[in-house]
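The exercises below are meant to be worked through with the coordinates open. Each one sets a task and then gives a solution in steps.

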Amino acid sequence: MTIDSLKSNVAVSAAGLELHYGATPVLKGIDVALGQGKTLALLGPSGCGKTTLLRLVAGLLAPSKGSVSIAGQVVADAANGTFAPPEKRNLGMVFQDYALWPHMTVGGNVSFPLEMRGIGRTEREQRTMHALERVGLSAYVGRRPSDLSGGQQQRVAIARAIVAEPQLILFDEPLSNLDRELRENMVGELAELIASLGLTAIYVTHDHSEALTLADQVAVMRGGLIEQLASPDELVAKPATPEVADFLRLGGIAELQNRDACWFFGNSDVALMRADQGPAGARSILIPVAAITPGEIQPDRLAASVLRSQFRGDGHLATVSLIGADQVELQVLSRYKLKPGDGVGLSIDLDQVRWFENSNHPHP
Ligand SMILES: Nc1ncnc2c1ncn2[C@@H]1O[C@H](COP(=O)(O)OP(=O)(O)OP(=O)(O)O)[C@@H](O)[C@H]1O
């Protein structure tokens with residue numbers, strides 16, 4: 001593949017993107033490129049800058065520094081003041097609060113972007129029905145949004161976002177107002193819709209399971225920066241930092257100290273392994289749920305006490321703290337229900353633990 005053909009495959013990109021509110025930096029230098037037909041999830045805790053990045057791509061905000069390109073066209077560049085407004089960016093947008101117009105019917109809402117583009121009535125009606133069919137709501141074309149459930153209203157918002165066949169669709173926490181069961185169903189439906197329409201999408205969420213289900217690439221953000229950009233499989237297998245591992249709830253994170261020829265949990269007397277079993281210079285580790293086998297308390301196992309436990313389909317997921325190092329909390333999957341206060345012995349498969357060095361860079 002030539003560099004030009006690689007470039008032409010990029011649907012949306014940001015380079016050196018910064019946004020400051022007065023003296024406060026909210027985005028501190030974002031570089032990201034997304035291929036045609038791919039979905040990027042922006043994942044991170046509240047306030048890390050996800051929505052701000054989405055608004056910069058949408059044209060609802062102008063960057064303080066850096067640029068945004070869509071389909072090879074620079075749509076914003078702080079260096080020379082280039083700025084295309086949202087309606088010139090050929091985008092669809094879906095927000096958390098649906099943003100449907102209550103005085104219009106479902107059909108009126110969905111066809112609105114076509115009306116704005118000056119498309120004639122017959123074509124408008126055909127395309128509106130087609131978009132509503134895609135989301136399973138063609139029977140509701142004449143209803144008011146207020147007659148629909150939350151999940152149905154969000155489907156109408158999705159139909160409105162896809163009706164004009166935009167080159168890029170932006171989702172800002174679109175499922176967060178729905179209850180958990182509906183949200184879980186709709187994540188799968190959305191992933192299927194995005195794939196079948198071949199959409200390029202950016203999807204903001206603070207829910208790691210939504211991001212890992214929907215996206216081809218996930219940008220884990222923290223404090224206005226992308227901490228790691230990777231596919232879901234790579235993120236789970238190789239989180240770059242303890243913070244990423246913690247945010248994705250991949251298991252327990254613990255600080256280790258190397259002394260007296262052993263690796264100890266912090267400054268406790270509880271040792272995990274001999275010093276030569278871990279890399280020199282490492283500081284903290286991730287102990288994935290899958291690395292721990294719970295059982296009776298025995299001398300060759302770490303002793304722990306159950307803090308809380310929750311059923312999650314494939315077993316009981318318990319949070320336990322180590323006896324003698326109770327600041328260390330680990331997650332254990334048990335076939336049997338564990339009650340708070342129960343003692344449990346943990347066998348840890350050391351081949352599955354992941355090491356992080358002091359500098360925050362993972363050990364290879
Ligand atoms: N108009 C504004 N003026 C000043 N600060 C702002 C403004 N809008 C957002 N911020 C700040 O920018 C930071 C990033 O906000 P942003 O909405 O992008 O975060 P987020 O990751 O989407 O969070 P959430 O998940 O809570 O929506 C926050 O600290 C927020 O307080």
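**Exercise 1: a hairpin and its neighbours**

How many residues lie between S4 and S5 in the hairpin that they form, and which residue in the turn has a positive phi?

Solution. Bear in mind from the outset that this is a predicted model. Begin with the pairing itself: S4 and strand S5 (residues 73–77) run antiparallel and are joined by four bridges, and Ser 69 has Val 74 in S5 as its bridge partner. Next, inspect the connection, where two residues separate S4 from S5 in the hairpin, and where Ala 71 in the turn has a positive phi of about 50 degrees. Finally, turn to another pairing of S4 (residues 65–70), which is joined antiparallel to strand S1 (residues 10–21) by five bridges; here Val 68 in S4 stands opposite Ala 14.

**Exercise 2: the surroundings of the ligand**

List the residues around the ligand, and state which helix contributes the largest share of that shell.

Solution. The list runs Tyr 21, Val 26, Gly 44, Ser 46, Gly 47, Cys 48, Gly 49, Lys 50, Thr 51, Thr 52 and His 206. Assigning the shell to elements shows that helix H2 (residues 50–58) supplies its largest share, with three residues. Sorting the shell by residue class then gives three nonpolar, seven polar and one charged.

**Exercise 3: the environment of Met 221**

Is Met 221 buried or exposed, and which residues distant in sequence does Met 221 contact?

Solution. First place the residue, which lies in strand S10. Then count its surroundings: Met 221 has 26 C-beta neighbours inside 10 Å, and because the cut-off for burial is 20 or more, Met 221 counts as buried. With neighbours within four places in sequence left aside, the contacts of Met 221 are Leu 42, Leu 43, Gly 44, Cys 48, Gly 49, Lys 50, Ile 226 and Glu 227. Among the residues around the ligand are Gly 44, Cys 48, Gly 49 and Lys 50, each of which is also in contact with Met 221. As a last check, take the C-alpha atoms of Met 221 and Leu 43, which are 6.0 Å apart although 178 residues separate them along the chain.

**Exercise 4: the nonpolar core**

Which members of the largest nonpolar core touch the most other members, and why does this core lie between domain 1 and domain 2?

Solution. The core holds 94 residues, of which Ala 41, Leu 42, Val 57, Ala 159, Ile 169 and Leu 170 touch the most other members. Helix H5 (residues 150–162) gives the largest share of this core, six residues. The core lies between the domains because domain 1 (3–242) and domain 2 (243–357) both contribute residues to it. For a closer view of one member, consider Val 57, which, apart from neighbours within four places in sequence, is in contact with Val 12, Val 68, Leu 170 and Ile 202.

**Exercise 5: how the domains meet**

How many residues does each domain give to the contact, and which elements give two or more residues to the side of domain 1 that touches domain 2?

Solution. Taken over C-alpha atoms, the centres of domain 1 and domain 2 are 38 Å apart. The contact draws twelve residues from domain 1 and 13 residues from domain 2. On the domain 1 side, the elements that give two or more residues are strand S10 (217–222), strand S11 (225–230) and helix H8 (232–237). That side divides into seven nonpolar, three polar and two charged residues.

Key. Residues are numbered from 1 along each chain as its sequence is written. This is a predicted model: local features need pLDDT of at least 70, side-chain atom pairs count only at pLDDT 80 or more; totals for chains, interfaces and linings use all residues. A residue is near a molecule or strand if its C-beta atom, placed from the backbone, lies within 6 Å of it. Ala, Val, Leu, Ile, Met, Phe, Trp, Tyr, Cys and Pro count as nonpolar, Asp, Glu, Lys and Arg as charged, and the others, Gly among them, as polar. A nonpolar core is a set of buried Ala, Val, Leu, Ile, Met, Phe, Trp, Tyr and Cys residues joined through C-beta atoms within 7 Å. A residue is buried if 20 or more other C-beta atoms lie within 10 Å of its own, exposed if 12 or fewer, and partly exposed in between; C-beta atoms are placed from the backbone. Domain bounds come from an automatic or database domain assignment. Two residues are in contact if their C-beta atoms, placed from the backbone, lie within 7 Å. Two strands pair if DSSP finds at least two bridges between them.
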